[in-house]
Amino acid sequence: MVVPATLLSLIIILKKLWQGCSSNRHNFIEELFNFIASKTPSHNLAWDIGTGNGQAAKSLAKLYKDVIATDKSPKQLEFAANVPNVQYICTNPKMSICELEKKVGKKSSVDLVTIAQALHWFDDRLHFYKQVIKKPNGIATWCYKLPNINNSVDSVFNKYYNVQPDWEPTRKSVDDKYKTIDFPFEPICDNNNNVVHLVFQTYLE
Ligand SMILES: C[S@@+](CC[C@H](N)C(=O)[O-])C[C@H]1O[C@@H](n2cnc3c(N)ncnc32)[C@H](O)[C@@H]1O
């Protein structure tokens, strides 16, 4: 088959962009994982849901004996980092708890569940995921907020960001910093019973 040159260029550019997702993406700050890991008494198995290219999974692999990293997209997993104690599994979003138990682990067998910048796609499944978590361990989920540079840069950036007719409505909870998601877990509190808020500042390279 003869592929026209313009189409071929477009395919090459799209392929490079797609692969770029894995090489140019952020790395989460290690302090975040150290904090989360300090809250689970044992460190045998972590499950990273919606792992994408495995950014969180590879950091978890330094702190947990085994990591299972799942995503519904086989293409995302194809570009995930190869780490000996991380097992990548493609999961169907509609999987039953029995099917998940076979792939991930039995009820109360997982020390930690993480969901990095992906919960807004499946927050209705939180109760479902809760069942595999070993008590009193828990779930950690986070999203990244918009960057702030200074007033002149931010005002231009926000103008374009707010023209977003193609955003899925579910992404609104990212703009709300996940505060609008019904979260069926107890928050982590300090010694004075105040909910712990952590803010990490980092730079994209
Ligand atoms: C924005 S990416 C985040 C990837 C990665 N966790 C990170 O922080 O870079 C969202 C990921 O969620 C995955 N995803 C969306 N819906 C899903 C579902 N129902 N089950 C599993 N993964 C899902 C997508 O395929 C995508 O890889």
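What pLDDT does the protein chain average, and what share of the residues score at least 70? Here are some notes to read alongside the structure.

1. **Confidence overall.** This is a predicted model. The average pLDDT of the protein chain is 84, and 84% of the residues reach a score of at least 70.

2. **The start of the chain.** Please take some care with residues 1–14, where pLDDT stays under 50. For this stretch the model has 1 contact beyond four places in sequence.

3. **The layout.** The protein chain holds 8 helices and 5 strands. If you follow the sequence from start to end, the elements come in the pattern α-α-β-α-β-α-β-α-β-α-β-α-α.

4. **Contacts and burial.** Take the contacts in the protein chain between residues at least 6 apart in sequence: 59% of them join residues at least 24 apart. As for burial, 23% of the 205 residues in the protein chain count as buried.

5. **Strand β4.** Strand β4 covers residues 110–116, and 7 of its 7 residues are buried. Which strands pair with β4? One is strand β1 (residues 45–49), which runs parallel to β4 over 4 bridges. Within this pairing, A46 has L112 of β4 as its bridge partner. Another is strand β5 (residues 133–142), also parallel, with 6 bridges joining β5 to β4. There, V110 sits opposite I133 of β5. As a reminder when you look at side chains, those in a regular strand alternate between the two faces of the sheet.

6. **Around the ligand.** Which residues come nearest to the ligand? Of the 18 residues around the ligand, these are G50, G52, P93, A116 and W121. The shell is made up of 7 nonpolar, 8 polar and 3 charged residues. A116 also belongs to the range of β4, residues 110–116, so to speak a place where points 5 and 6 meet.

7. **Lysine 172.** K172 lies in helix α8, which spans residues 172–175. Is K172 buried or exposed? K172 is exposed, because 11 other C-beta atoms lie within 10 Å, and a residue counts as exposed at 12 or fewer. Although K172 and H120 are 52 residues apart in sequence, their C-alpha atoms are 8.3 Å apart in space.

8. **To take away.** For a first look on screen, you could begin with β4, where 7 of 7 residues are buried, and then turn to the ligand, with G50, G52, P93, A116 and W121 nearest among its 18 surrounding residues. Residues 1–14 are the stretch to read with caution, as pLDDT stays under 50 there.

Technical notes
Residues are numbered from 1 along each chain as its sequence is written. This is a predicted model: local features need pLDDT of at least 70, side-chain atom pairs count only at pLDDT 80 or more; totals for chains, interfaces and linings use all residues. A residue is near a molecule or strand if its C-beta atom, placed from the backbone, lies within 6 Å of it. Ala, Val, Leu, Ile, Met, Phe, Trp, Tyr, Cys and Pro count as nonpolar, Asp, Glu, Lys and Arg as charged, and the others, Gly among them, as polar. Helices (H or I, at least four residues) and strands (E, at least two) are DSSP runs, numbered from the N terminus. A residue is buried if 20 or more other C-beta atoms lie within 10 Å of its own, exposed if 12 or fewer, and partly exposed in between; C-beta atoms are placed from the backbone. pLDDT is the predictor's confidence in each residue, from 0 to 100. Two residues are in contact if their C-beta atoms, placed from the backbone, lie within 7 Å. Two strands pair if DSSP finds at least two bridges between them.
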